[in-house]
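Got the viewer open and ready? Let's take a short walk through this model, one selection at a time.

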Amino acid sequence: IFSINIASTQILLDWSRRIKIKHFIYASSGNVYGQNPKPLDEHSECLPTDYYGKSKYIAETLVSAYSSFFNTTILRIFGVYGPGQSAMIIPNLIDRVINRQEITLADGKGLIFTPLFITDCIRMLKTIISKSSKSDIYNLSGNEVITLGEIVSMISKITLIEACIKITTGKPVCFIGVSKKFIDKFSYQFTMPFNHGLELTIKHKIEQTA
């Protein structure tokens, strides 16, 4: 994690300074904020709780330190998902429902977050590349607040497989990104509703395992 998130970022930044690039775009993570029950925008305090989040935040400070040499854009990306993804929250949930494995949900909700479909994420990146002209920080997140419990119900409905759910008394974890700054700045409109994006993701998973 250190080599990829911190050391290689520093190497790229200094290489960019030497060849005199004009714009450096850094793909950070919503994890720099840490867990917070409130919606997270670019003014929220960054309190990462794990090594990954801390390493991304350190890299952000390195990127900002080079803003006198070129424009820097930091993108805090939340919960990207889509067809072909593996070993992440949504594909793991799909696997657990299909394989009839138990899914534990705190208060019946589990994580509360704002998943971002891959095509919208790519369109947002292309927008930054083509239209951004000054140093800034933007959240990139979906525009729908979804719970894991709701996702499990959707997966069950689409696959016609009843999920094995265990509801605990724990407190749900909130990780709600707010992309209003990006949306307002670039007049962005989302193209993929979550239910359709999930359906495409499940369809691809089933086709690949058939």
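One term before we start: a crossing of two helices counts as right-handed if the near helix is turned clockwise from the far one by less than a right angle, and left-handed if anticlockwise. Keep in mind, too, that this is a predicted model.

Now select α3 and α7. Here α3 passes α7 in a right-handed crossing. Their axes come within 11 Å and cross at roughly 60 degrees, which makes α3 oblique to α7. To see where they touch, show side chains: I90, P91, I94, D95 and I98 from α3 meet F194, L198, T201, I202, K205 and I206 from α7.

Next, stay on I90. Which residues does I90 contact, leaving aside neighbours within four places in sequence? Look for Y81, F113, P115, I151, F194 and L198.

Zoom out a little to the largest nonpolar core, with its 27 residues. I90, I151, I155 and L198 have the most contacts inside this core. Colour α3 (89-98), β4 (102-106), α5 (148-159) and α7 (194-209) to see the elements that each give two or more residues to it. Apart from that core lies another, of 12 residues, including I77, Y138, L140 and F186.

Last stop: K181, in helix α6 (residues 180-186). Is K181 buried or partly exposed? Its relative accessibility is 30%, so K181 counts as partly exposed. Beyond neighbours within four places in sequence, K181 is in contact with E42, D136, I137 and Y138. Turn on distances and you'll find the K181 side chain reaching the backbone oxygen of I137 at 2.9 Å.

Terms used:
Residues are numbered from 1 along each chain as its sequence is written. This is a predicted model: local features need pLDDT of at least 70, side-chain atom pairs count only at pLDDT 80 or more; totals for chains, interfaces and linings use all residues. Side-chain values use heavy atoms; hydrogens and water are left out. A nonpolar core is a set of buried Ala, Val, Leu, Ile, Met, Phe, Trp, Tyr and Cys residues joined through side-chain atoms within 4.5 Å. Buried means under 20% relative accessible area, exposed over 50%, partly exposed in between (1.4 Å probe, protein chains only). Helices (H or I, at least four residues) and strands (E, at least two) are DSSP runs, numbered from the N terminus. Contact means heavy atoms within 4.5 Å. A polar contact is a pair of N or O atoms within 3.5 Å; within protein, one must be able to donate a hydrogen and the other to accept it, and residues adjacent in sequence count only if both atoms are side-chain atoms. Axes are lines fitted to C-alpha atoms, for helices over the stretch in contact, and angles run from 0 to 180 degrees between N-to-C directions. Angles under 35 degrees count as roughly parallel, over 145 as roughly antiparallel, 65 to 115 as roughly perpendicular and the rest as oblique.
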